[in-house]
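Let's take a walk through this one together, beginning with the empty spaces inside and finishing with the strands and helices around them. Have the structure open and turn it as you read.

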Amino acid sequence: MIKRAERMQPIRGFGIDRVAAVAEETGGSHGGPILRMENLDTDLPLPPEALEVTRSKLEDPKSNSWLPFTGDLDLRAAISDFTAERSGHRYDPEREIVITAGGMEALLNAVLCTVDASDEVIVTDPTYAGIVNRIRLAGGVPRFVPFLAEEHGWRFDRDRLGDVVGPRTTGFLLMSPSMPSGGYLDEGDWLAVCELCSERDLFLIYDAAMERLLFDNRPFIHPLRMEGMAERTVVVGSLSKEHRMIGWRVGWVAGPADTMTDAGWAHVYNTTMPVAISRFAATAVLRGDQSHVAECVAELVRRRDTMLSGLPDWPFVSPAGGWSLLLDVASLGFEPAEASRILLDEAKIAATAMTGWGDEVAGRYVRFVFSAEPVERLQTIPDRVANTKLAKAVASRA
């Protein structure tokens, strides 16, 4: 028998692949009878430069090269400008930015070079299971600060920070708006986090993948603008969310030079190089007109509001941004996995249980992703769920 590494003991699957496989087996291609709301695919349009530039570079020899291992300088310079415009802090393209094969590789690199065995890293509950398990892969221990479900959405429970931050805490890994909840950290939340970072000498890994996908005129707040945070913050970025370029697999990690040297070696000894053929389109998109982001936010709000207005009595928690929203199935008397099966079997809706996506809060919910289904199909949800066990439980609460 092959020995199993101890680091794999706490690692669990996140359910998306299982739900997707069942949906595919039952004829659930996009546009088909099943609403595909289990994963972060999207039908929203690509930035105008993405396809044109990619096609034009297919025969360029540089698109088929191993080099440069940590990303070409032009793309890193574009990321430096892109980040500086939002954060007020400019990273040195040569020393402080590494290009990666997607944002999650960037995040793993950041964790690998900052977290030792048994170090505790603070994340929110819920948090994307891929983030939670990358902390575990590095030998770290995730600790959870809840998002509290309230009438108008999620509230970051900053009062719990003092209880969660302990002697083994080494840093935070936060995202706003957060996956999968769409929870949002306001200025007071960020101030509380950043003050703790300064007082206790903690780092912050900031996942910026959805930072501009904010709803209802919420202000964009960047932690790098907080005093003293540039020296203790690592920014993880990606083209997969705001720019919808999932298949291009372009991400980056930016931070202090010494940390980026380590992140660069973690990257090289894992994947050798980023996706070379994508880098030209990535550069053009980052330097291009960004108005498409606001257009996509407006469409995402329409889709969110279609779901919330179509099922007003259902215990959804309204997201402040992002691509998804959560349904509190525990309040209806169901386990998340059971509710996910009911939705697929009885309503032809593929949605993912949030078990393992955090702690006690996540364990109550099923996630609905609204980035890949247009409003016209989302409007069919009330009829789809009308005769399900879940609908009967909602009616019994009324």
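How many cavities of 30 Å³ or more are there? The count comes to two, bearing in mind that this is a predicted model.

Start with the largest cavity, whose volume is about 80 Å³. Its lining is made up of Phe 82, Thr 83, Ala 208, Ala 209, Glu 211, His 222, Val 235, Gly 237, Ser 238, Glu 242 and Trp 252. By class, that lining divides into five nonpolar, four polar and two charged residues. Which elements supply at least two of the lining residues each? They are helix H3 (73–87) and strand E8 (233–238), with E8 giving the largest share at three residues.

Now move over to the second largest cavity, at about 40 Å³. Here the residues to pick out are Thr 124, Thr 127, Ile 131, Leu 173, Leu 174, Met 175, Ser 178 and Met 179. Strand E6 (residues 169–175) is the top contributor to this lining, with three residues. As for character, you'll find five nonpolar and three polar residues around the second largest cavity, and no charged ones.

Both E8 and E6 belong to an open sheet of eight strands, so let your eye run across it in the order E2-E9-E8-E7-E6-E3-E4-E5; the pairing is mixed. At the edges sit strand E2 (97–100) and strand E5 (153–156), each of which pairs on one side only. From one strand to the next, the twist averages 25°.

Zoom in on the E2 end of the sheet. E2 pairs with strand E9 (residues 251–254) in the antiparallel sense, over four bridges. Within this pair, Ile 99 stands opposite Trp 252 of E9. H3 packs on the sheet here, touching E2 and E9, and its direction makes about 115° with that of E2. You've met two of these players already: Trp 252 is among the residues lining the largest cavity, and H3 supplies at least two residues to that lining.

Elsewhere on the sheet, look for helix H5 (residues 129–137). H5 lies across strand E3 (120–125), strand E4 (141–150), E6 and strand E7 (203–207). Relative to E4, H5 runs at about 160°. This brings us back to the second largest cavity, where E6 gives the most to the lining and Ile 131 is one of the lining residues.

How values were computed. Residues numbered from 1 in each chain as written. Predicted model: local features only at pLDDT ≥ 70, side-chain atom pairs only at ≥ 80, totals over all residues. Heavy atoms only, no water. 1 Å grid on protein atoms, 1.4 Å probe; cavity = no way out; pocket = protein on both sides within 12 Å on 5 of 7 lines; lining within 4 Å. Points joined across faces, edges and corners; volume = space filled by probe spheres on them. Nonpolar A, V, L, I, M, F, W, Y, C, P; charged D, E, K, R; others polar. Pairing = 2+ DSSP bridges. Axes fitted to C-alpha atoms, helices over the stretch in contact; angles between N-to-C directions. Contact = heavy atoms within 4.5 Å.
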